Amino acid sequence: MKVLVAPSILACNFARLGDEVADVTRAGADWIHCDVMDGHFVDNISFGSAFVEAASRHTDRPLDVHLMITNPDRYLDRYLPVAHSVNIHLEAEADVPETLARIRTAGKKAGLALNPHSPIDSIEPYLKQFDLLLIMTVEPGFGGQPFLEDMLPKIRAAAELRKKSHLDFRITVDGGINIATARQCREAGADVLVAGTSVFRSKDRAAEIAALR
Ligand code: DX5
Ligand code: ZN
């Protein structure tokens, strides 16, 4: 599977959202990753659907929405119109199969996200119900944290499970991704690289995206 680079706008300059999104689009972003946080599921509030909609007006790239919110069922419909994919957390207070099915019924890609403490076995009941598996490689909530090396075996196990089950979901890694950790994740089987700080704080974003890929 071709590796995709998805810059996370959590790390952009919010005062210049449109220019930032347009800039990483020109720099070669495959997807634009949008980290929605509610202050309950994680200890931070980022932005909501109006911000995601505003970002969508400055790019032709697919928007990959990551809902770090306690109640994805309640807010899902606000993101579906502009999203290409929506990732919900296994740990959220939601009917996971039903929420994933709603995303697919809307014609979008359904993503299941796993916090670091959730073991890979916990996805087994949901195999075939998602198109993307998002493995958090930091504790969710904040950008700029160091990559958790302990997540590498989990990425490998996810890739093995995918192969063994003859499935074709993409494996996304999210948190602490830079050129060194991207290589480790890629070798372990990941094929979507979410990168906030490393792309937005880079002096040459096009070179950074190319190097990550
Ligand atoms: C963390 C978010 C990540 C984060 C990535 O809660 O889900 O997408 O913004 O940012 P960096 O690349 O800075 O770790
Ligand atoms: Zn994210």
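**Largest pocket**

I sorted the lining of the largest pocket by class and got 11 nonpolar, 12 polar and two charged residues. I note here that this is a predicted model. The lining has 25 residues in total. Which residues lie nearest the centre of the largest pocket? I found Phe142, Gly143, Gly144, Gly175 and Gly176 there. The space inside is about 290 Å³. I then looked up which elements supply at least two lining residues each. They are strand 2 (32–37), strand 3 (63–68), strand 8 (192–195) and helix 7 (197–200).

**Second largest pocket**

I read a volume of about 160 Å³ for the second largest pocket. Strand 2 and helix 3 (72–79) are the elements that give two or more residues to its lining. Which element gives the most? Helix 3 does, with three residues. I listed the full lining as Val36, Met37, Asp38, Phe47, Gly48, Ser49, Ile69, Asn71, Tyr75, Arg78 and Tyr79. By class, I have six nonpolar, three polar and two charged residues.

**Zinc site**

I went to the zinc ion (ligand 2) next. Which protein residues are its donors? I found His33 through NE2, Asp35 through OD, His66 through ND1 and Asp174 through OD. These donors lie 2.0 to 2.3 Å from the zinc ion. I wrote their sequence spacing as H-x1-D-x30-H-x107-D. His33 sits in strand 2 and Asp174 in strand 7 (residues 170–174), so this pair ties together parts 141 residues apart in sequence.

I checked exposure for both ends of that pair. His33 has a relative accessible area of 0%, so I logged His33 as buried. Asp174 comes out at 7%, and Asp174 is buried because the cut-off is under 20%.

Why is the arrangement around the zinc ion irregular? Six donor atoms surround the ion, and their angles run from 64 to 168°. For comparison, I noted that six octahedral donors ideally give 90 or 180 degrees. The 64 to 168° spread makes this arrangement irregular.

**Helix 1**

Is helix 1 (residues 17–26) enclosed or open? I counted seven of its 10 residues as buried, so helix 1 is largely enclosed by the rest of the structure. The buried ones are Leu17, Gly18, Glu20, Val21, Ala22, Val24 and Thr25. I looked up what these residues pack against. Their partners are strand 1 (4–7), strand 2, helix 2 (49–56), helix 7 and helix 8 (205–212). After helix 1 comes Gly28, and I noted its positive phi, near 110°.

Terms used:
Residues are numbered from 1 along each chain as its sequence is written. Chains are lettered from A and ligands numbered from 1 in the order in which they are written. This is a predicted model: local features need pLDDT of at least 70, side-chain atom pairs count only at pLDDT 80 or more; totals for chains, interfaces and linings use all residues. Side-chain values use heavy atoms; hydrogens and water are left out. On a 1 Å grid over the protein atoms alone, a cavity is a set of points where a 1.4 Å probe fits but cannot get out, and a pocket is an open set with protein on both sides within 12 Å along at least five of seven lines; lining residues have an atom within 4 Å of a point. Grid points are joined across faces, edges and corners, and a volume is the space filled by probe spheres set on the points. Helices (H or I, at least four residues) and strands (E, at least two) are DSSP runs, numbered from the N terminus. Ala, Val, Leu, Ile, Met, Phe, Trp, Tyr, Cys and Pro count as nonpolar, Asp, Glu, Lys and Arg as charged, and the others, Gly among them, as polar. Buried means under 20% relative accessible area, exposed over 50%, partly exposed in between (1.4 Å probe, protein chains only). Contact means heavy atoms within 4.5 Å. Donors are N, O and S atoms within 2.8 Å of the metal (3.2 Å for Na, K and Ca); water is not among the atoms, so sites may look incomplete. Four donors count as tetrahedral if all angles lie between 85 and 135 degrees; four count as square planar and six as octahedral if opposite donors are over 155 degrees apart and all others between 65 and 115; anything else is irregular.
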